[in-house]
Amino acid sequence: MSTTTTRTTSTPTSQPTSIGIRANAWTRAVSAAARAAASRSPNPALEGIAIEIGAVNRVIGTDGETTVIVPLSDTEAVSDGPTRRIVLPIVAARLPVGDASAEALVSISADEEYANIETPTSTYRLRLLEAGDYPIPSALDVDKTAPAPGIVAAIKAVIDAASQDKAQAALCSIRIEPDGTVVGLDSFRLHSVQFSAIPTTAIPHPILAPLSWARVIVDVFDSEIKIQVINTLVIATAPNGVVVYAPLVAPDGYPDDWRRVVPEGDNGIVAWAQV
């Protein structure tokens, strides 16, 4: 199964592509995608939000490492015109929608250079970013079985203990073990939380998930999620189909016996909790 990243270009067309999205679905989708967009990148497209319009409608955000994919159901979005991918500047995620009810619509019509966005309160015209510079992953065969109870709360509990020092790349991660142990640690502090065990078919061995992935998890999800590893990617899937994935962190430099990283009586902090 391929998980390689490909780059594609927009289909040249003189016919505008349009999509109507329920305002509440728009708010949910762009807010989630914006969490993964790059704040500053040599590739300006990564600072935007991609919308795939066609047989499958979805909103995507990525910084080149962590990616969020938010599918839009047939009841949430209706599109017209050629199948296409457009990339909106990040300001699109901050446009005031006003009435964000299920009945209100956000309508987008895009030509080759601009997108007109009509919300329940206003109309905006934004210049598109270059879709050909936007990385889109191959399809992932994600597992949509029962979620792992407690995983979001566990990640949230330990994330502040993980190292911020990029010189310690392996410690800039969240460790997840098949028995449900989640760990954040740096050179002087360790925080470990135990939640329910994860099926070994999903995570067959301990993994290191990047902090950028973990931050998106706690920002985007307010319910339980499914965690799994496919090739070199760690993937979180919500019951509503939202997917967040990122490459695993290489374990080089991570202590094998992490439970003894902070000896008892040292100046560090060892915290244990039960979710």
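Start by selecting residue 54: Gly 54 takes a positive phi near 155°. The glycine belongs to the hairpin of E3 and E4, where 3 residues lie between the strands. Keep in mind as you go that you're looking at a predicted model.

**Stop 1: strand E3**

From the hairpin, step back to residues 48-53, which make up strand E3. How many of the 6 residues of E3 are buried? The count is 6 of the 6, so the strand is largely enclosed by the rest of the structure. Show the side chains and sort them by direction: Gly 48, Ala 50 and Glu 52 point one way, while Ile 49, Ile 51 and Ile 53 point the other way. Both sets are buried. That back-and-forth is what you get in a regular strand, where side chains alternate between the two faces of the sheet.

**Stop 2: the partners of E3**

Now bring up residues 84-89, strand E7. E7 pairs with E3 in the antiparallel sense, over 6 bridges. Pick Glu 52 and look across: which residue in E7 stands opposite? You should land on Arg 85.

Next, add residues 57-62, strand E4. The pairing of E3 with E4 is antiparallel too, over 3 bridges. Here Ile 51 stands opposite Val 59. Carry on through Val 59 into strand E5, where its bridge partner is Val 70. E5 covers residues 67-72 and pairs with E4 in the antiparallel sense, over 6 bridges.

**Stop 3: Asn 57**

Stay in E4 and select Asn 57. Is Asn 57 buried or exposed? With a relative accessible area of 5%, Asn 57 is buried. Display the side chain of Ser 79 as well, and you'll find a polar contact of 3.4 Å joining the two side chains. Leaving out residues up to four places away in sequence, Asn 57 touches Ile 19, Glu 52, Pro 71, Leu 72, Ala 77 and Ser 79. Glu 52 on that list is the residue you just saw opposite Arg 85.

**Stop 4: the whole sheet**

Zoom out and colour the strands E7-E3-E4-E5-E18-E17-E16, in that order: these 7 strands form an open sheet with antiparallel pairing. E7 and E16 (226-230) are at the edges, each with a single partner strand, so one side of each has no neighbour in the sheet. Look along the sheet and you can follow a twist that averages 20° from one strand to the next.

Now select residues 211-220, helix H3. H3 lies across E5, E16, E17 (233-237) and E18 (243-247). Against E18, the helix runs at about 165°.

**Stop 5: Ile 117**

Jump to strand E9, residues 114-118, and pick Ile 117. At 0% relative accessibility, Ile 117 counts as buried. Beyond its neighbours within four places in sequence, Ile 117 has contacts that include Leu 88, Ala 92, Leu 95, Val 106, Ile 108, Tyr 124 and Leu 126. Then draw a distance to Ser 18: the two C-alpha atoms are separated by 9.8 Å, although the residues are 99 apart along the chain.

**Last stop: confidence**

Finally, colour by pLDDT. The mean for the protein is 83, and 83% of its residues reach 70 or more. Over residues 1-13 the pLDDT is below 50, and this stretch has 36 contacts in the model beyond near neighbours in sequence. Residues 265-269 are also below 50, with 6 such contacts. Where pLDDT is low, the predicted coordinates should not be read in detail.

Note on methods: Residues are numbered from 1 along each chain as its sequence is written. This is a predicted model: local features need pLDDT of at least 70, side-chain atom pairs count only at pLDDT 80 or more; totals for chains, interfaces and linings use all residues. Side-chain values use heavy atoms; hydrogens and water are left out. pLDDT is the predictor's confidence in each residue, from 0 to 100. Contact means heavy atoms within 4.5 Å. Buried means under 20% relative accessible area, exposed over 50%, partly exposed in between (1.4 Å probe, protein chains only). Helices (H or I, at least four residues) and strands (E, at least two) are DSSP runs, numbered from the N terminus. Two strands pair if DSSP finds at least two bridges between them. A polar contact is a pair of N or O atoms within 3.5 Å; within protein, one must be able to donate a hydrogen and the other to accept it, and residues adjacent in sequence count only if both atoms are side-chain atoms. Axes are lines fitted to C-alpha atoms, for helices over the stretch in contact, and angles run from 0 to 180 degrees between N-to-C directions.
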